[in-house]
Amino acid sequence: MQTATEIKDILKNTPEKELDSFIRQYSDDDRAAVKKIVESAVKKKDKYLAELDRIEQMKKYEKEYGHLGYLCGIDEVGRGPLAGPVYTAAVILPADNDLLYINDSKKLSEKKREELYDKIMDTAIAVGIGCNSPERIDEINILQATYEAMTMAVNNLPVKPDALLIDAVHIPQLEEYKQVSIIKGDAKSISIAAASIIAKVTRDRLMQEYAKQYPEYGFDSNKGYGSAEHIAALKKYGPCPIHRRSFIGNFVEL
């Protein structure tokens, strides 16, 4: 007879879609420890079913506009920081994708974003990345720099999309495409959420590299955003080359 520890290990390695089979197999075991393991499996299954429902809701726009062809989700990361570039991603997912736990990147832990990044890159039909530098942001303002970066992301796709699903904005440079602007789209569209994850992970990795070049500012933790520690360092050391001059005038004299 299997020990409770062995059964617990089996549950740990059971794929979510196979939990029903696990529950059936062990539900008649009268041992108290095994009953607790089965209860845990039932909770895990309920959570999995809830996630399936949530993801189906996040495919609402993909289903509504799927007849148009390839749908490209677009999102940006880094409009608000005091330092570093703005990054954008354009992602085309297969209509029949089985990705789970995709969400607005801000609602996910760093570990989960990294895990999902790999899954999205493996699953996506196409991914394009765009970015604009602090200098360009200062030159034309953050909104216009974001539009440019979004345009770069779409133009960098190896497959041409048929329509764009975009978080909250309309991109003037991409009038050739049908654009569907969705308020809080990164929480409502799986394609936009996937783009937010790709953009966030890509930018965060870059900011960790910048942290090695400019260790005073804590870019590895604040990613360029205006944390108290970052602002204190900015006042103490002044700006570094990746600070946005148009964003930091309240903290230092330029």
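How much space lies in the second largest pocket? The answer is about 280 Å³, and I shall return to that pocket after introducing the protein as a whole. Please keep in mind throughout that this is a predicted model.

Let me begin with the overall picture. The protein has 254 residues, and 48% of them are buried. Its secondary structure consists of 10 helices and 5 strands. Measured out along the principal axes, the C-alpha trace spans about 75 × 50 × 25 Å. The accessible surface comes to about 13000 Å², and carbon and sulfur atoms account for 50% of that surface. If we take the contacts between residues at least 6 apart in sequence, 66% of them join residues at least 24 apart.

I turn now to the open spaces. The general idea is simple: rolling a probe the size of a water molecule over the atoms shows where empty space is left.

The largest pocket has a volume of about 430 Å³. It is lined by 17 residues, and those closest to its centre are E16, Y48, D98, L99 and L100. Two elements give two or more residues to this lining, namely α3, residues 32-58, and α5, residues 110-123. The largest share, 5 residues, comes from α5. Sorted by class, the lining of the largest pocket holds 7 nonpolar, 2 polar and 8 charged residues.

The second largest pocket, with which I opened, has 19 lining residues. Nearest its centre lie E76, V77, G78, K106 and Y225. Which elements each supply at least two residues of this lining? They are β1, residues 71-77, α7, residues 142-155, and α8. Here α7 provides the largest share, with 4 residues. The classes in this lining are 7 nonpolar, 4 polar and 8 charged residues.

There is also enclosed space. A search of the whole structure finds 1 cavity of 30 Å³ or more. The volume of this largest cavity is about 40 Å³. Around the cavity we find E110, R113, E114, V201, D204 and Q208, and the elements that give two or more residues to its lining are α5 and α8. By class, the cavity lining divides into 1 nonpolar, 1 polar and 4 charged residues.

Let us look more carefully at two of these helices, beginning with α8. This helix runs from residue 190 to residue 213 and has 24 residues. At 1.5 Å a residue it should span 34 Å, and its end C-alpha atoms are 35 Å apart, which agrees. Is α8 largely enclosed or largely open? Of its 24 residues, 18 are buried, so α8 is largely enclosed by the rest of the structure.

The second helix is α7, which has 14 residues. From its first C-alpha to its last, α7 reaches 20 Å, close to the 20 Å expected at 1.5 Å a residue. Its buried residues are I142, A145, T146, Y147, A149, M150, T151, A153 and V154. To read such a list, it helps to recall that an α-helix has 3.6 residues a turn, so residues three or four places apart point the same way. The cover over the buried residues of α7 includes β1, β2, β3, α6 and β4.

Within α7, T146 serves as an example. Its relative accessibility is 2%, and T146 therefore counts as buried, the limit being under 20%. Leaving aside neighbours within four places in sequence, T146 is in contact with E76, R79, V86 and T88. One of these, E76, was also named among the residues nearest the centre of the second largest pocket.

Finally, I should like to point out two residues in loops. A168 is found in the loop between β4 and β5. Its phi is near 75 degrees, a positive value in a residue other than glycine. K223 lies in the loop between α9 and α10, and K223 also has a positive phi, about 55 degrees, although it is not a glycine. Are these residues buried or exposed? A168 is partly exposed, with a relative accessible area of 38%, whereas K223, at 8% relative accessibility, counts as buried.

To close, I return to the helix α7: it supplies the largest share of the lining of the second largest pocket, and T146 is one of its buried residues. Thank you for your attention.

Definitions and conventions
Residues numbered from 1 in each chain as written. Predicted model: local features only at pLDDT ≥ 70, side-chain atom pairs only at ≥ 80, totals over all residues. Heavy atoms only, no water. Expected span 1.5 Å × (residues − 1). Buried < 20%, exposed > 50% of the residue type's maximum accessible area, 1.4 Å probe, protein only. 1 Å grid on protein atoms, 1.4 Å probe; cavity = no way out; pocket = protein on both sides within 12 Å on 5 of 7 lines; lining within 4 Å. Points joined across faces, edges and corners; volume = space filled by probe spheres on them. Nonpolar A, V, L, I, M, F, W, Y, C, P; charged D, E, K, R; others polar. Contact = heavy atoms within 4.5 Å. Areas by Shrake-Rupley, 256 points an atom, 1.4 Å probe, with all protein chains shown as cover.
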